[in-house]
Amino acid sequence: MRLVKYLARAGVASRRRAEIIISEGRVRVNGTVADKPQIIVGNDDEITVDGKPITGFEEKVYVLLNKPAGYISTTRDTHNRPTVTDLVSDVEARLYPVGRLDADTSGVLLLTNDGELACRLMHPRYNVKKVYQARVSGLVKSEALEQIRSGLVIDGEKTAPAGVRNLKTVSNKDTLLEISLTEGKKRQVKLMCAAVGHRVRALRRVSFAGMTTANLPRGSYRHLDRSEIESLYRMVGLKA
Ligand code: URA
């Protein structure tokens, strides 16, 4: 099996992330740094990541976190800032976030060691829906909403059509918007709002793939139940 697939199956990271980890020289096969994701490995090979041996295939774990602002969505940080995995540190499995929320964004974040599922949930081809509430500066005109709806050019690429609703005016000077996306470009909501002249003052993801933080206090998490996992699998064309 290719090294990148092995790492994803073993729950180390999604395939995309595993490629990065390999390119960073953090993976060794039988003591030698493996710098190509496509090399073939088997059960007899000794594989380590950051010096820690990868011992076969972990049980799959799926947790839904109500992320508070102030945590970064990576598994480790070179500057010792708090990460979302600190909030699930009592889970034995090596979990990593499915996609990223900015440090100052709060709300629904799925973490898992199921690399194949994570990879598909992040891929725009599967149209997984993410819903955000954004408090933005100023009163938003209907033309701006229409521009967001039909797609905007950000960093030279057109965004997919998005759902957007004006929920309410806040303190007579800001607007609370609900924005639904099926893709996950970096800082997408903030860049889309900036492109139509509004700064995002606060951002919360209220739903991911239909799951919300209902009954989940900020900073805490819960394990998904069987039917939720099966529904995610179906959503991205995998057999549970
Ligand atoms: N869009 C953003 O701008 N930030 C996030 O954290 C998520 C979506």
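How many Å from an oxygen atom of the ligand does a backbone N or O atom of K190 lie? The legends below begin with that view; the structure shown is a predicted model.

**View 1. Backbone atoms of the protein beside the ligand.** A backbone N or O atom of K190 is 3.0 Å away from an oxygen atom of the ligand. Taken alone, the ligand exposes 240 Å², and 97% of that is buried by the protein. R187 also contributes its backbone: one of its polar backbone atoms is 3.2 Å from an oxygen atom of the ligand. At Q188, a polar backbone atom lies 3.4 Å from a nitrogen atom of the ligand.

**View 2. The shell of residues around the ligand.** The residues that surround the ligand are L101, D102, T105, Y132, R187, Q188, V189, K190 and L203. By character, this shell divides into four nonpolar, two polar and three charged residues. Helix α5, which covers residues 188-195, supplies three residues, the largest share of the shell. Two domains take part: domain 2 (62-124 + 214-235) and domain 3 (129-208) each provide at least three residues of the shell.

**View 3. R187 and Q188 beside the ligand.** R187 belongs to the loop between β12 and α5, whereas Q188 is placed in helix α5. Although R187 is not a glycine, its phi is positive, at about 55°. The relative accessible area of R187 is 41%, so this residue is classed as partly exposed. Q188 has a relative accessibility of 4% and therefore counts as buried, since the cut-off for that class is under 20%. The side chain of Q188 makes a polar contact of 2.9 Å with the side chain of E183. The backbone of Q188, in turn, places a polar atom 3.4 Å from a nitrogen atom of the ligand.

**View 4. The hairpin of strands β11 and β12.** Strand β11 spans residues 163-170 and strand β12 spans residues 174-181; the two pair in the antiparallel sense over seven bridges. One of the bridge partnerships involves T169, whose partner in β12 is T175. Three residues lie between the two strands of this hairpin, and S171 has a positive phi near 50°.

**View 5. The open sheet of four strands.** Strands of a sheet pair through backbone hydrogen bonds, in either a parallel or an antiparallel arrangement. In this open sheet, the order of the four strands is β2-β1-β3-β4, and the pairing is antiparallel. The edges are occupied by β2 (32-33) and β4 (52-53); each has a single partner strand, so one side of each has no neighbour in the sheet. The partner of β2 is β1, residues 27-29, and these two strands pair in the antiparallel sense over two bridges. Within this region, V29 is positioned opposite T32 of β2.

**View 6. N80 in the loop between β5 and β6.** The loop that contains N80 runs between β5 (62-67) and β6 (96-97). N80 is a residue other than glycine, yet its phi is positive, near 60°. Is N80 buried or exposed? With a relative accessible area of 71%, N80 is exposed, because the cut-off for that class is over 50%.

Notes
Residues numbered from 1 in each chain as written. Predicted model: local features only at pLDDT ≥ 70, side-chain atom pairs only at ≥ 80, totals over all residues. Heavy atoms only, no water. Pairing = 2+ DSSP bridges. Near = heavy atom within 4 Å. Polar contact = N/O pair within 3.5 Å; in protein donor to acceptor, adjacent residues only side chain to side chain. Areas by Shrake-Rupley, 256 points an atom, 1.4 Å probe, with all protein chains shown as cover. Nonpolar A, V, L, I, M, F, W, Y, C, P; charged D, E, K, R; others polar. Domains from an automatic or database assignment. Buried < 20%, exposed > 50% of the residue type's maximum accessible area, 1.4 Å probe, protein only.
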